[in-house]
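Welcome! Open the structure in your viewer, and we will walk through it one selection at a time.

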Amino acid sequence: MANVIITGASRGIGLAIAQALVRDDYTVIAIARQETEELAAARQQAPESIYFAPFDLSEIDKLHELARELRARFGPIYGLINNAGIGTEGILATMPESNIEKLIRLNMLSPIMLTKYVVRSMMNEGAGRIVNISSIIASTGYQGLSVYAATKASMIGFTKSLAREVGRLGINVNAVAPGFLETELTGSMNDAQRQRIAGRSALQRLANVEDVAEAVTFLLSDKARNITGTVLTVDAGSTA
Amino acid sequence: MSTRSKIIQAIEEIAAAQKKTLAPLTDDLALTNSGLDSLCFALLVARLEDETGRDPFSESDEVSFPVTLGELIALYEHEHA
């Protein structure tokens with residue numbers, strides 16, 4: 001079973017990716033600060049296929065050791081899904097500097113550093129897949145999300161150049177750009193807002209986390225062997 | 001196997017795998033003239049970390065990439081001390 005690391009795997013998109021990869025016979029190494037009930041339940045259902053690695057991804061200086069430990073414990077790493085991130089909103093002119101720094105640290109610096117060390121295992125094996133979770137906000141813009149957008153746009157630039165860098169070693173690097181998702185909207189938007197956003201999409205609905213998970217499993221599969229350096233948008237056509 | 005032998009063997013195997021022609025591997029060989037490119041050196045660092053558990057370039061911000069093969073070997077031998 002090929003090993004795949006997923007960051008932010010305790011809920012939402014990360015958890016959905018973990019469940020889809022287990023279904024497709026991968027071994028999942030789920031990284032999150034704390035285990036949720038949902039992740040614990042998924043582990044109970046597939047104790048040989050999902051492992052929980054508690055870790056605070058903002059601790060940049062410990063990422064090298066984390067990568068070493070995971071390599072030593074599980075063997076070669078085939079896949080890395082850089083999913084963890086925060087979506088702090090704020091008008092830039094009044095946003096606390098600490099919030100700006102935290103966004104950049106978690107959404108940008110941390111995935112780049114983790115990739116630096118995990119890609120070494122892939123280089124030694126001459127094979128690997130990296131998927132960076134970006135966002136349609138990277139290209140569309142949204143009021144109150146300028147810093148978040150900057151971090152998500154950076155993941156696309158990172159994806160394209162790293163794909164060039166490691167392609168000849170048999171490593172594919174892609175990004176997935178989800179739109180507004182069904183589940184993530186429920187907490188912060190009312191029905192009218194949901195319907196307005198869904199009404200703007202080509203398919204007149206919202207994508208959900210399972211749709212994003214299927215895009216990721218495709219990019220990890222052999223079917224995507226000739227796809228690298230690209231962005232797969234999953235937004236039910238809201239940016240079409 | 002000594003650290004020196006591990007490094008030389010790794011360089012030869014990486015050069016073969018990446019279809020690079022190596023210059024004679026003497027201590028005073030400038031790495032830029034070795035026949036390996038920057039990705040090959042990244043591969044070398046990754047492989048040596050796997051084999052030795054050491055990565056002298058990440059352990060300190062003060063370590064810059066060595067100029068000659070002899071300096072590269074010394075860096076890893078020093079880490080072993």
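**Two helices side by side**

In this predicted model, start in chain A by selecting H4(A) and H6(A), which touch through a long list of residues. On the H4(A) side, pick A:Ile100, A:Leu103, A:Ile104, A:Asn107, A:Met108, A:Pro111, A:Ile112, A:Thr115 and A:Val119. They meet A:Val147, A:Tyr148, A:Thr151, A:Lys152, A:Ser154, A:Met155, A:Phe158, A:Leu162 and A:Val166 in H6(A). Colour this contact by class and you will find 13 nonpolar, four polar and one charged residues.

Now show the two helices as ribbons. How do their axes lie? The axes of H4(A) and H6(A) come within 9 Å and cross at roughly 15°. An angle under 35 degrees counts as roughly parallel, so H4(A) and H6(A) are roughly parallel to each other. The crossing of H4(A) past H6(A) is right-handed.

**On to a pocket**

Next, turn on the surface and look for the second largest pocket, with a volume of about 470 Å³. To find its centre, select A:Lys116, A:Arg120, A:Met123, A:Glu165 and B:Ala42, the closest to that point of the 20 residues in the lining.

Which elements give two or more residues to this lining? You have already met helix H4 (97-125) and helix H6 (146-166) of chain A; add helix H2 (38-52) and helix H3 (56-59) of chain B. H4(A) gives the most, with six residues.

Finally, colour the lining by class: twelve residues are nonpolar, four are polar and four are charged.

Definitions and conventions:
Residues are numbered from 1 along each chain as its sequence is written. Chains are lettered from A and ligands numbered from 1 in the order in which they are written. This is a predicted model: local features need pLDDT of at least 70, side-chain atom pairs count only at pLDDT 80 or more; totals for chains, interfaces and linings use all residues. Side-chain values use heavy atoms; hydrogens and water are left out. On a 1 Å grid over the protein atoms alone, a cavity is a set of points where a 1.4 Å probe fits but cannot get out, and a pocket is an open set with protein on both sides within 12 Å along at least five of seven lines; lining residues have an atom within 4 Å of a point. Grid points are joined across faces, edges and corners, and a volume is the space filled by probe spheres set on the points. Helices (H or I, at least four residues) and strands (E, at least two) are DSSP runs, numbered from the N terminus. Ala, Val, Leu, Ile, Met, Phe, Trp, Tyr, Cys and Pro count as nonpolar, Asp, Glu, Lys and Arg as charged, and the others, Gly among them, as polar. Axes are lines fitted to C-alpha atoms, for helices over the stretch in contact, and angles run from 0 to 180 degrees between N-to-C directions. Angles under 35 degrees count as roughly parallel, over 145 as roughly antiparallel, 65 to 115 as roughly perpendicular and the rest as oblique. A crossing is left-handed if the near helix is turned anticlockwise from the far one by less than a right angle, and right-handed if clockwise. Contact means heavy atoms within 4.5 Å.
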